[in-house]
Amino acid sequence: MKLSIILVLLVTVEQILSSPARRVEPVAIETYLNKARAVLDRVPLIDGHNDFAMSLRDYARNQVGDLDINDLTALEPWASSPSSHTDINRLRQGKIGAQFWSAYVGCTTQYKDAVSKTWEQIDVIHRMVEANPTTFEFVTSAQGIEDAFAQGKIGSLIGVEGGHSIDSSLAVLRMMYDMGVRYMTMTHSCATPWADNSQVDNPGGVAVHDGLTPFGKTVVAEMNRLGMLLDLSHVSRKTMRDALETSTAPVIFSHSSAYALCNNTRNVPDDILQLVALNGGIVMVNFFPSFVTCSSTATVQDVANHMDHIRNVAGVDHIGIGADYNGITEVPVGLKDVSEYPNLFAELIARGWAETDLEKIAGLNLLRVLRGAESVRDQMAVTGVKPFDEWIPQADLPAESLPCSTGQTKNEQSSPQ
Ligand SMILES: [Zn+2]
């Protein structure tokens, strides 16, 4: 048969298959979806960042005693909120295996009540987990994630989003670890007294510290010693570099995408992606259209493009998922809430990704990274590294921090009578 005839036949077949009368596509999509769901039955899907606890604060003042979070699709203000993407029913549909719940308080709390408000967010996550024991299991380790998954429960971890939450205190950092916090995002949208945030990389931005200060490097060392993951989402490029140079454990970006595809400074540039590969860490891809397409709209295909890009630059071992649900105001078509994660896996299967690679990006990569941080912690304990207990130099604290501080001198004025 001549090539032209074959082409004509192929085109005709294509027209028949895609005609409304005989659609083959949905069948293929269903096949891909079934394969995707099978992957997520085998390995836990671990999402790096969900702001549901922020909505508990904003919509319920953390008064969750009588709040039924199984179905929030008809309950106001959740029902009509553009940032309400999470409830138990939808988590189950989306086949989530483990979730880092974000303990986030905004930068306006810095030097004021950041620490107490962060404790309130850590507390509400614990209470949400305890109130739903057949769904959630509070976990603090890679093994804990696997054990919860084996029991059909959603392993629940805490990430503190923003270094301002520790008020430059290594003691607070340690106590947060003890309450189950397993990552800290080094900054949010403000510099801390020891680290620069991503906004300094915007046009006209001016670095406060040029990355991490010496005390910031001590924060990194203490996190390594504790076994708490460093999260480099939200930090400046120089902070990323300094942290990657300083950390002896693999790091994460809990909710960032690829800068090469959307030049938002919340995303990760290619040179940093290569360093993440050397470090053994992962970039957990964010679904927010502003970071995916640099616009207000995106599709599941656009998100998959970020996966393809990071795989090309860093390798498949360095990709995860950190959708940022409940923190974002727009969502991609095909990924409207936590129920739709399988669509992303189906898209990657359609692109020819191997199922073993899908298992990695779903959760095996994060488990490897968390195990890496745990083994650095264990090695530092064996070699006798003690808790880093210096205070931040007074000179590192900006003037705006002083009104709410009693300083670092002795309590002589207030000695008991
Ligand atoms: Zn964030």
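The following exercises, with worked solutions, concern a predicted model.

**Exercise 1. The nonpolar core**

Determine which residues have the most contacts inside the largest nonpolar core, and which element gives the largest share of this core.

Solution. The largest nonpolar core has 109 residues. Within this core, Ile125, Leu229, Val283, Val303 and Phe345 have the most contacts. Helix 14 (residues 355–382) provides the largest share, namely eight residues. Ile125 may be taken as an example: apart from neighbours within four places in sequence, Ile125 is in contact with Ala53, Trp101, Ala103 and Ile158.

**Exercise 2. The buried face of helix 6**

Establish where the buried residues of helix 6 fall around its axis, and which elements they pack against.

Solution. Step one is to list the buried residues of helix 6 (residues 142–150), which include Ala142, Ile145, Ala148 and Phe149. Step two is to view the helix down its axis: the buried residues fall within an arc of 130°, so they line one face of helix 6. The general background is that an α-helix has 3.6 residues a turn, so residues three or four places apart point the same way. Step three is to identify the packing partners, which are strand 1 (45–50), strand 2 (96–104), strand 3 (136–138), strand 4 (154–161) and helix 14. After helix 6 comes Gly152, which has a positive phi near 75°.

**Exercise 3. Two residues, Ile154 and Leu56**

Decide whether Ile154 and Leu56 are buried or exposed, and give the contacts of each.

Solution. Ile154 belongs to strand 4. A residue is buried if 20 or more other C-beta atoms lie within 10 Å. Ile154 has 25 such atoms and is therefore buried. Beyond four places in sequence, the contacts of Ile154 include Leu91, Ile96, Gly97, Thr135, Phe136 and Ala148. Ala148 is itself one of the buried residues of helix 6. Between Ile154 and Arg92 there are 8.8 Å, C-alpha to C-alpha, for 62 residues apart in sequence.

Leu56 is part of helix 3 (residues 52–60). With 23 other C-beta atoms within 10 Å, Leu56 is buried. Its contacts beyond four places in sequence are Asn62, Val64, Val124 and Met128. The C-alpha atoms of Leu56 and His209 are separated by 34 Å, with these positions 153 residues apart along the chain.

**Exercise 4. The crossing of helix 8 and helix 14**

Describe how helix 8 and helix 14 are oriented to each other, and which residues meet.

Solution. The axes of helix 8 (residues 214–226) and helix 14 come within 6 Å and cross at roughly 95°. Angles of 65 to 115 degrees count as roughly perpendicular, and the two helices are therefore roughly perpendicular to each other. From helix 8, Asn224, Arg225 and Leu226 meet Val376, Arg377 and Met380 of helix 14. By class, this contact has three nonpolar, one polar and two charged residues.

**Exercise 5. Backbone exceptions in the loops**

Identify which peptide bond is cis, and state how exposed Asn62 and Asp210 are.

Solution. The background is that most residues other than glycine have a negative phi, and most peptide bonds are trans. The bond from Glu76 to Pro77 is cis, with omega near 5°. Pro77 lies in the loop between helix 3 and helix 4 (88–93). Asn62 is in the loop between helix 3 and helix 4 and has a positive phi, near 60°. Asn62 has 17 C-beta neighbours inside 10 Å and therefore counts as partly exposed. Asp210, in the loop between strand 5 (181–185) and helix 8, also has a positive phi near 60°. With 12 other C-beta atoms within 10 Å, Asp210 is exposed.

How values were computed: Residues numbered from 1 in each chain as written. Predicted model: local features only at pLDDT ≥ 70, side-chain atom pairs only at ≥ 80, totals over all residues. Core = buried A, V, L, I, M, F, W, Y, C linked by C-beta atoms within 7 Å. Helix = DSSP H or I, 4+ residues; strand = E, 2+ residues; numbered from the N terminus. Contact = placed C-beta atoms within 7 Å. Arc of directions from axis to C-beta. Axes fitted to C-alpha atoms, helices over the stretch in contact; angles between N-to-C directions. Parallel < 35°, antiparallel > 145°, perpendicular 65-115°, else oblique. Nonpolar A, V, L, I, M, F, W, Y, C, P; charged D, E, K, R; others polar.
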